[in-house]
Amino acid sequence: MPSSRLLGHLAEHAVNRSRSVALVCGDREVTYGELSGLAERYAAELTALGVTPDRPVCVPAHKSIDTIALLIACFSVGTSALVPSSELGPSALRTICEQARCSHVLTAGADGRPKWTVVDGAAPEGFEPVDPSRTKVLFTTSGSTGTPKIVPVPESAFDNFAEWATKQFALTADDVSLSYAPFNFDLSLLDVWVILRLGGRVVLVEPAASADGGRLRRLVADHGVTFVQGVPLLYQLLTEDETATFPTRTVVFTGEALPHRLLPRLVRAFPEARLYNVFGCTETNDSFIHEVDPATAGPRIPIGRPVDGVEAVLLDDDGAVIEEPGTGELLVRTPFQTSGYLQSALNDKVFRPAPDGVGGPFYRTGDMATRNADGTFVLEGRRDFQVKVRGIRTNVLEVEAVLASHPEVEAAAVVAVPDDAAGHRLHAEVERKPGSGLTSLKLRGHGAQTLPRHAIPSTIRIGDAPLPRTSTGKPDRKLIKETVMKG
Amino acid sequence: MDLETQIRDYIVSEFLSGEDVPDLTDDFDLIENGVVDSLGLVRLISHLSKTYAIPVDDIPLLPSNFRDIEHICAFIRQSPVAASG
C-alpha cells in the first residue's frame, strides 16, 4: 500500500497465490486469499465510517496481522495513512493527527472491525495538505519530543525502493522475512511491504517477543526465515545461544554501528548468509550499503558506497564540498526520499539544493562521515546531540526540554551513556525548584505524557543541589556522564 | 517481609537507583512511565523466575502482567509453584 502498484500486486497474489501464507503472527497465519478478504471487510467498514480520500486517517502501528489488513483497506479506498508509533503519548498523537488533518484514528480490532475515534481539531497553519494520489503512507520521525515530524513517503519513492531492494537482495516470492521493527519504521517498507509485493511470507515479531532471545530464535528457525533485517540488539538476542544456527540467506544490520564482537557470532549463527551493513534515514530510506567480509573486517564496519541511484556529498564546516578523501557532514539524495516534511518551514533546515544546482534537493543526515581513498564511507557519529536508543534516533536536548518544562524543575541535563544492549541509555540529572518535593516518578509521569517510551530516561537523579556547570554556564554534560559511567 | 515489599524493594534498587518515594504506589504503571522497558522486563522476569522458583517457560511475556507491583504480586501468587510452595 505504500503504492497503487503494490495494491495491484496484492490483488494478483490473492488470485494466483491465494493459498500461500502471507503473514504469520503468533499462532495465527493468513494466506494471500484470506488477507484480501480481511482487507475487503475493513474497507467496507471504512466506507461505512465515512472515510474518504479527502482526508488521511491515522493508524497507530500496533504489530498485528489486522493492522496490515487495515492499512491495505485504507489504501484500497484511496486514503492515505499516517502511521505513528503505537506508544506515542495521547497529546502528541492528537497533535500530529491535527497537523495531517486526519479524519479518524483507527485501530484494528481482533474481531475484524476497526475501533475508531474522530479527530475534530482544526488544522494548524504551515502544514501542507496530504495528496492521496501521490502519497499513501506517512511516517513520523522517531521524535524524541512530543511533536514528531511527519514524513510523507511518495508512491514513486516506494516503487523505486521496492525495485532496488528486490534486485539488491535477489528477493523472490519464496522469501520469508522477519518483521522485527515496528510498522512505523521505514524498515517495514522492506521487511513487510516489499516482501508482500513479491508474494513472500512475513513473520511478525510481537512486542512481547522483541526482547526475548529464545522466542526470536524459535521464530527464525521454525518459519525458515530467509531474510532478516534489524538493529544490532536483534542480532545480540539471536546469537546469544552459541549452539543455534539458522539457514537465513540475507542478514542486514542497520540503525547503528554493529559492535565488533557481534561479527564472529553472526558468522557462527548464520553460516550461509551474506551480511550487509545498511545506512539510511526515515527521510531518505536506505542510502548506503556495504557487504561485510568477516575474514577481512576491521573493528569499524564501513557503511560502504551509495546504493544505485543515490548521490552522496560531504560538506566541510564552511559548507564547501569535499571532493577528496576526508571527513565532513554527509548529505544524500536518493530515489526513495520524501517530498519533504508536512511542516514546510522545517524543510529549509535539512533539505539543501544540490551543490551543482542540478536536480532535486539533498538531505542533511546530521551525521559526520569519512570518505576513504577507495571511495567507501565510514560513519563518525552525530553532528549534534542525537543518539540512538534501542535503534531509535533520539535528541537528548529535546528530552531535556520536556523534563525542564515541568513547573517544579529548575534545570535538567540529559546524557546518553553507552550501553551494550541498547546502544545508548539516557540518564537525567535534575535540579528541582527550592521547596519542591518533586520525585523522579512524578517527573516520569510528566515525561510520559509527551515522550515515546524509549526517550524516557532509564535513570533520573533528582535533587536540590545545583547541576554541575561548565565555565560558560552550560550543564557540564561531560562530568555528569563520567559520574554515571563510574556508577 | 510481605511480597509487595519484596517486589517494591527490588524495583527501587534495580530500576530506580535506590530512590524510594511514596509515589511508588502498588498501582504505579512501571511500563507506561518508562521505569521498566522491554529489556528491563526480561531482567525482571528472570529475577522472578529465580527468586520465586517459577519455571521461566511458564511465564507468558505479557507486559500487562507486570505493569505495576500489584500485577507482579498477583502473577507470582497465581503461579502454580509459588502457590504450592
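How many residues does the contact take from chain B and from chain A? It takes 19 residues from chain B and 18 residues from chain A. The views below come from a predicted model.

**View 1. The side of chain B that touches chain A, sorted by residue class.** On this side, chain B has 11 nonpolar residues, four polar residues and four charged residues. Chain B contains four helices and zero strands. Read from the N terminus, its elements follow the order α-α-α-α. Chain B has 85 residues, and 26% of them are buried. Of its contacts with a separation of 6 or more, 56% link residues that are 24 or more positions apart.

**View 2. Ala448(A) and its neighbours in both chains.** Ala448(A) belongs to helix α12 of chain A. There are 21 other C-beta atoms within 10 Å of Ala448(A), and a residue counts as buried from 20 upwards, so Ala448(A) is buried. Leaving out residues up to four places away in sequence, Ala448(A) touches Gly89(A) and Ile456(A) in chain A, and Glu32(B), Asn33(B) and Gly34(B) in chain B. Ala448(A) and Glu87(A) are 361 residues apart in sequence, yet their C-alpha atoms are 9.8 Å apart in space.

**View 3. Strand β24 of chain A and its two partners, β23(A) and β25(A).** Strand β24 covers residues 423-432 of chain A, and eight of its 10 residues are buried, so the rest of the structure largely encloses it. Strand β23 (residues 409-419) runs antiparallel to β24(A), and 10 bridges join the two. A hairpin of three residues leads from β23(A) to β24(A). Within this pair, Ala416(A) has Leu426(A) of β24(A) as its bridge partner. Strand β25 (residues 459-463) pairs with β24(A) in the parallel sense, over five bridges. Here His427(A) is matched with Thr459(A) of β25(A) as its bridge partner. Between β24(A) and β25(A) the chain passes through helix α12 (residues 440-450), and this β-α-β crossover is right-handed.

**View 4. Helix α4 of chain A, with its buried residues.** Helix α4 spans residues 90-99, and its buried residues are Ala92(A), Leu93(A), Ile96(A), Cys97(A) and Gln99(A). Seen down the axis of α4(A), these buried residues fall within an arc of 160°, so they line one face of the helix. Pro90(A) and Ser91(A), on the other side of α4(A), are exposed. The elements against which the buried residues of α4(A) pack include β5 (104-108), β7, β8 (150-154) and α12 of chain A. Just after α4(A) comes Arg101(A), with a positive phi of about 60°.

**View 5. Val137(A) in strand β7 of chain A.** Strand β7 comprises residues 135-140. Val137(A) has 29 other C-beta atoms within 10 Å and is therefore buried. Val151(A) is 14 residues from Val137(A) along the chain, and 8.7 Å separates their C-alpha atoms.

**View 6. The open sheet of nine strands in chain A.** The strands lie in the order β2-β1-β10-β9-β11-β12-β13-β14-β15, and their pairing is mixed. At the edges are β2 (28-31) and β15 (305-306), each of which pairs on one side only. Strands β13 (residues 274-281) and β14 (residues 285-292) of chain A pair in the antiparallel sense, over seven bridges. Opposite Val278(A) stands Ile289(A) in β14(A).

**View 7. Two residues of chain A with a positive phi, Ala170(A) and Asn285(A).** Most residues other than glycine have a negative phi. Ala170(A) is not a glycine, but its phi is positive, at about 45°. Ala170(A) sits in the loop between α5 (155-168) and β9 (176-179) of chain A. Ala170(A) counts as exposed because it has 10 C-beta neighbours inside 10 Å. Asn285(A) also has a positive phi, near 60°, and is found in strand β14 of chain A. Asn285(A) counts as buried because it has 27 C-beta neighbours inside 10 Å.

**View 8. The domains of chain A.** Chain A is divided into domain 1 (4-210), domain 2 (281-382) and domain 3 (386-486). Between the C-alpha centres of domain 2 and domain 3 of chain A, the distance is 30 Å.

Definitions and conventions. Residues are numbered from 1 along each chain as its sequence is written. Chains are lettered from A and ligands numbered from 1 in the order in which they are written. This is a predicted model: local features need pLDDT of at least 70, side-chain atom pairs count only at pLDDT 80 or more; totals for chains, interfaces and linings use all residues. Domain bounds come from an automatic or database domain assignment. A residue is buried if 20 or more other C-beta atoms lie within 10 Å of its own, exposed if 12 or fewer, and partly exposed in between; C-beta atoms are placed from the backbone. Two strands pair if DSSP finds at least two bridges between them. A crossover is right-handed if, with the strands pointing away from the viewer, the path from the first strand over the helix to the second runs clockwise. Two residues are in contact if their C-beta atoms, placed from the backbone, lie within 7 Å. Ala, Val, Leu, Ile, Met, Phe, Trp, Tyr, Cys and Pro count as nonpolar, Asp, Glu, Lys and Arg as charged, and the others, Gly among them, as polar. The arc is that of the directions from the helix axis to the C-beta atoms.
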